[in-house]
Amino acid sequence: MEAVCDLSKGKCKPCEGGIPPLDAGAVADMLKLLDGWSLVGHAIVKTYHFKNYYETMAFVNAAAWVSHREDHHPDLAVGYNKCTASYTTHAIGGLSENDFICAAKLDALFAL
């Protein structure tokens, strides 16, 4: 899926508010660029599955590194063999392109 690769090469832009969140049409179009992500309220959400806790935690730590580098952080729910990531841009009360860029970066991590 080349579009995901292109999106994963994007860089988050600082967002301090003052801009509108993406509208429903833009969100639907951006979701088509991602695999397995769904819209839940004002966030995009995906659950990743692993063989064991070690692999889950390795993914969580890698996701933390991506979040630090992009300065855009997901909510993570971690279990023994799964991690659910949820992205939204709190400063604007909805979704921004940053959410989709970071979602694609997590997908790229999972593919390693």
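In what sense do β3 and β4 pair, and over how many bridges? I will come to that pair straight away, with the reminder that what we are looking at is a predicted model. The two strands, β3 and β4, run antiparallel to each other and are paired over four bridges, and the link between them is a hairpin of three residues. To give one position on this ladder, D75 has S86 in β4 as its bridge partner.

Let me now turn to helix α3, which covers residues 53-70. With 18 residues at 1.5 Å a residue, the helix should span 26 Å, and because its end C-alpha atoms lie 25 Å apart, the expectation and the model agree. The buried residues of α3 are T56, F59, V60, A63, V66, S67 and E70, where buried means under 20% relative accessible area. When one looks down the axis of α3, these buried residues fall within an arc of 120°, so they line one face of the helix.

What does that buried side pack against? The buried residues of α3 pack against β2 (43-49), against α4 (97-110), and also against β3 (75-78) and β4 (82-87), the two strands of the hairpin I began with. On the face of α3 turned away from the buried side, we find the exposed residues Y54, N61, W65, H68 and R69.

Finally, the ends of the helix. At the N-terminal end, α3 is capped by N52, which places a side-chain oxygen 3.1 Å from the backbone nitrogen of Y54, while just after α3 it is D71 that takes a positive phi, of about 55°.

Conventions:
Residues are numbered from 1 along each chain as its sequence is written. This is a predicted model: local features need pLDDT of at least 70, side-chain atom pairs count only at pLDDT 80 or more; totals for chains, interfaces and linings use all residues. Side-chain values use heavy atoms; hydrogens and water are left out. The expected span of a helix is 1.5 Å times one less than its number of residues. Buried means under 20% relative accessible area, exposed over 50%, partly exposed in between (1.4 Å probe, protein chains only). The arc is that of the directions from the helix axis to the C-beta atoms. Contact means heavy atoms within 4.5 Å. A polar contact is a pair of N or O atoms within 3.5 Å; within protein, one must be able to donate a hydrogen and the other to accept it, and residues adjacent in sequence count only if both atoms are side-chain atoms. Two strands pair if DSSP finds at least two bridges between them.
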